Amino acid sequence: QVQLLESGGGLVQAGGSRRPACAASVTLFKLNAMHWYRQAPGKQRKWVATMTSGGSTNYADSMKGRFTISRDNAKNTVYLQMNSLKPEDTATYYCCSTLPTRWGQGTQVTVSS
């Protein structure tokens, strides 16, 4: 059974960096593309970034140049490097697999001004 477990959230000052991680219980290649989403309090969950099984990446416009999705196949882990953080980046960050579709429990990132 596929399970995803996020970690690496926390409190960071504006302008700082954070790197949430998503550990999968199976080989990443089997899951096809991996995604990061985020959900701010009282708002809908929004797509942040995607990495395909082939390594191609794509980002939401507001994250381009600040966020980088990557993976470590040996650890079955996907990362989201977040730089130049802003208070509006405060959200719970979720990873999601494609095949099958599974969600992690989320990790909270809070950016203070």
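What follows is a walk through the fold, the sheet, the cysteines and a few odd backbone spots of this predicted model.

Since the model is predicted, local features are reported only at pLDDT of at least 70 and side-chain atom pairs only at pLDDT 80 or more, while totals for chains, interfaces and linings take in all residues. Numbering starts from 1 along each chain as its sequence is written, and side-chain values rest on heavy atoms, with hydrogens and water left out.

On the broad view, the protein has zero helices and eleven strands. Helices here are DSSP runs of H or I with at least four residues, strands are runs of E with at least two, and both are numbered from the N terminus. Read along the sequence, that gives the pattern β-β-β-β-β-β-β-β-β-β-β. The C-alpha atoms fit in a box of roughly 40 × 25 × 25 Å along the principal axes. For 113 residues, a compact globule would come out at a radius of gyration near 13 Å, and the protein, at 13 Å, agrees; the radius is taken over C-alpha atoms, and the globule rule is 2.2 Å times the number of residues to the power 0.38.

As for packing, 42% of the 113 residues are buried, where buried means under 20% relative accessible area, exposed over 50%, and partly exposed in between (1.4 Å probe, protein chains only). Among contacts with a separation of 6 or more, 53% link residues 24 or more positions apart, a contact being heavy atoms within 4.5 Å. The protein exposes about 6,000 Å², and carbon and sulfur atoms supply 48% of that area; the areas come from the Shrake-Rupley method with a 1.4 Å probe, and for residues only the protein chains shown count as cover.

Next comes the sheet. Four strands form an open sheet in the order 1-3-8-7, with antiparallel pairing; two strands count as paired if DSSP finds at least two bridges between them. Strand 1 (4–7) and strand 7 sit at the edges with a single partner strand each, so one side of each has no neighbour in the sheet. On average, neighbouring strands of this sheet are turned by 15° against each other, direction ignored. That angle is between axes fitted as lines to C-alpha atoms, for helices over the stretch in contact, and angles run from 0 to 180 degrees between N-to-C directions.

Inside the sheet, strand 3 and strand 8 pair in the antiparallel sense over three bridges, and Ala23 has Thr77 of strand 8 as its bridge partner. Strand 7 (residues 67–72) and strand 8 (residues 77–82) are also antiparallel, over six bridges, with Ser70 partnered by Tyr79 in strand 8. The hairpin of strand 7 and strand 8 has four residues between the strands. In that loop, Asn76 takes a positive phi of about 50° although it is not a glycine. Asn76 is buried, with a relative accessible area of 19%.

The structure holds one disulfide, that is, a pair of cysteine sulfur atoms within 2.5 Å. It joins Cys22 to Cys95, S to S 2.0 Å. Cys22 lies in strand 3 (residues 21–24) and Cys95 in strand 9 (residues 91–97), so the link ties together parts that are 73 residues apart in sequence. With 60° about the S-S bond, the link of Cys22 and Cys95 is right-handed, and both cysteines are buried. Why does Cys96 not form a bond? Its sulfur is 7.7 Å from the closest cysteine sulfur, in Cys95, and that is too far. Cys96 counts as buried, because its relative accessibility is 5%.

A few loop residues round off the picture. Asn32, in the loop between strand 3 and strand 4 (34–39), has a positive phi of about 65° without being a glycine. Its relative accessible area of 33% makes Asn32 partly exposed. Asn32 is also one of the residues touched by Ser53, alongside Phe29, Ala33 and Arg71, not counting residues up to four places away in sequence. Ser53 itself belongs to the loop between strand 5 (46–51) and strand 6 (57–59), and is partly exposed at 26%. The C-alpha atoms of Ser53 and Leu28 are 7.6 Å apart, with their positions 25 residues apart along the chain. Finally, Leu99 and Pro100 are joined by a cis peptide bond with omega about 0°, and Pro100 is found in the loop between strand 9 and strand 10 (102–103).
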